[in-house]
Amino acid sequence: MIKVGIIGSGSMGSGIAQVAATAGHEVYICDNNPEALIKSRDKLLKILNRLVEKGRLEDEEAKAIFGRIYFKKSYESFADCGLVIEAIIENLTIKKKVFAELENIVDPKTILATNTSSLSVASIASACKHAERLIGIHFFNPAPLMKLVEIIPAIQTSEVTTKESRNIIESWGKLTVLAKDTPGFIVNRVARPFYGEALRIYEEGIADFASIDWAMTEIAGFRMGPFALMDYIGNDVNYIVTETVFKSFYNDPRYKPAFTQKRLAEAGFLGRKSGQGYYSYQEGIEKPMPNKSKELGEAIVKRIVVMLINEAADAKFWQIASIEDIDLAMTKGVNYPKGLLAWADEWGIQNCVGMLDKLYDEYREDRYRCSPLLRKMARDKTKFYA
Ligand SMILES: NC(=O)c1ccc[n+]([C@@H]2O[C@H](COP(=O)([O-])OP(=O)(O)OC[C@H]3O[C@@H](n4cnc5c(N)ncnc54)[C@H](O)[C@@H]3O)[C@@H](O)[C@H]2O)c1
């Protein structure tokens, strides 16, 4: 069994280390901040102990998992690792420097992976002499719990690297989807309207946060409403992802960030972690009551879901991923109640086109343009699934 190296012992690095060690690998995890290493060690121990308490893990097993993880101050000890996953700060210059240095230590055949959420994998790979062995392996947070992993080969990545990476990650009990090296890959691209369209509905004064969240959970079946979810993720973090995707798509109005969220982030109303976001998380403060009008709720659901469907269809149109992988990514990566393309079939492609065209006619904004794929499918009377 190969040894696995992990650079960065923050939330993602620690989670990935737990997953790899649980699968039986010897794991070397390093961080340039000694305090982060101690924190990671303590956190892992606590998580494993909790799993034992809950009866999900035998005590001996937990000890063996922990015993397989080696906490290191540098990656000198990574020489004989078969796979090294980088999960450091989201900064292109620093990531490139780390990979260039790492290449002097590891074997030329060692697979090098980046867990980047938003940077170009091709750009990171360009720092390597053997760029063919670099690939994007994008875990979701928390890595031990989230089933999905996006696999993102760069244009330099060899087929062998892609195949071997997928095999390793699947042997860890994960579901993998293949995504093109484009901004947001699958999930962080397709999910944008969940937040963006909800914010837009609020900004137009159509409904308040609580009513939009109520409609999306109670009528559409999402586990969390968009505002509760943004508060959970953190408005600073969620805003930056939207802004990065928007800028990376050359300011495509489909991904335009909202002032409402920007102001919240600027004010420090970050959500749960700061005690105040769209909602207050102070003790004793009751949640606002939603307007439970069926008509309003259904209109909200139709508008947000059809925008999500359009985004998913467009991801297929631009060959970002297969139909199955797009649906799997959204159901397993962000727990959507249904695959968006299956949802499109259920609503009827012609109906979806009709809804999008109505929005476009109303606003005359490029944001509401219907994907050419949906339009063609409506014309040809085809479906995503036979
Ligand atoms: N947090 C998420 O939800 C999430 C999800 C998927 C992917 N990601 C991506 O994973 C990566 C890590 O994110 P995170 O949330 O774990 O960040 P984090 O801030 O929790 O952890 C990053 C760690 O990297 C360390 N580090 C920074 N520079 C380093 C260097 N040169 N060498 C060694 N260690 C270094 C830091 O000390 C820190 O402990 C980022 O690229 C991020 O975009 C994050």
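Me: Which two strands flank the loop that holds proline 142?
Reply: Strands here are DSSP runs of E with at least two residues and helices are runs of H or I with at least four, both numbered from the N terminus. This is a predicted model, in which local features need pLDDT of at least 70, side-chain atom pairs count only at pLDDT 80 or more, and totals for chains, interfaces and linings use all residues. Residues are numbered from 1 along each chain as its sequence is written. On that footing, the loop with proline 142 lies between strand 6 and strand 7.

Me: What is the omega of the peptide bond from asparagine 141 to proline 142?
Reply: Most peptide bonds are trans. The bond from asparagine 141 to proline 142 is cis, with omega near -5°.

Me: Which residues are closest to the ligand?
Reply: Let's count a residue as part of the shell if its C-beta atom, placed from the backbone, lies within 6 Å of the ligand. The shell then holds 24 residues. The closest of them are Gly8, Gly10, Met12, Ala36 and Asn141.

Me: Which helix gives the most residues to the shell around the ligand?
Reply: Helix 1 (11-22) and helix 4 (92-103) each supply at least two residues of the shell. The top contribution is 3 residues, and it comes from helix 1.

Me: How many residues of the shell are charged?
Reply: Here Ala, Val, Leu, Ile, Met, Phe, Trp, Tyr, Cys and Pro count as nonpolar, Asp, Glu, Lys and Arg as charged, and the others, Gly among them, as polar. By that sorting the shell has 11 nonpolar and 11 polar residues, while the number of charged ones is 2.

Me: Over what arc do the buried residues of helix 6 spread?
Reply: A residue is buried if 20 or more other C-beta atoms, placed from the backbone, lie within 10 Å of its own, exposed if 12 or fewer, and partly exposed in between. In helix 6 (residues 159-171), the buried ones are Thr161, Ser165, Ile168 and Ile169. They sit on the same side of the helix, because their arc, taken over the directions from the helix axis to the C-beta atoms, is only 95°.

Me: Which strands do those buried residues of helix 6 pack against?
Reply: The opposite face of helix 6 carries the exposed residues Glu159, Val160, Lys163, Asn167 and Ser171. Contact means that two C-beta atoms, placed from the backbone, lie within 7 Å. The buried residues of helix 6 pack against strand 4 (81-86), strand 5 (111-114), strand 6 (134-139), strand 7 (148-153) and strand 8 (175-178).

Me: What span does helix 11 reach from its first C-alpha to its last?
Reply: The expected span of a helix is 1.5 Å times one less than its number of residues. Helix 11 (residues 235-248) has 14 residues, for which 20 Å is expected. Its span is close to that, at 20 Å.

Me: Which helices do the buried residues of helix 11 pack against?
Reply: Asn235, Asn238, Tyr239, Val241, Thr242 and Val245 are the buried residues of helix 11. They cover an arc of only 160°, which puts them on the same side of the helix. Their packing partners are helix 7 (187-190), helix 8 (192-203), helix 10 (226-233) and helix 12.

Me: What is the phi of asparagine 251?
Reply: Most residues other than glycine have a negative phi. Asparagine 251 is in the loop between helix 11 and helix 12, and it counts as exposed because it has 10 C-beta neighbours inside 10 Å. Although not a glycine, asparagine 251 has a positive phi of about 60°.

Me: Is cysteine 370 buried or exposed?
Reply: Cysteine 370 is found in the loop between helix 16 (349-363) and helix 17 (372-380). Leaving aside neighbours within four places in sequence, its contacts are Asn310, Val353, Leu356, Asp357, Tyr360 and Arg375. With 20 C-beta neighbours inside 10 Å, cysteine 370 counts as buried.

Me: What is the radius of gyration of the chain?
Reply: The secondary structure comes to 17 helices and 8 strands. The globule rule, 2.2 Å times the number of residues to the power 0.38, gives 21 Å for 386 residues, so the chain is as compact as a globular protein of that length. Taken over C-alpha atoms, the radius of gyration is 22 Å.
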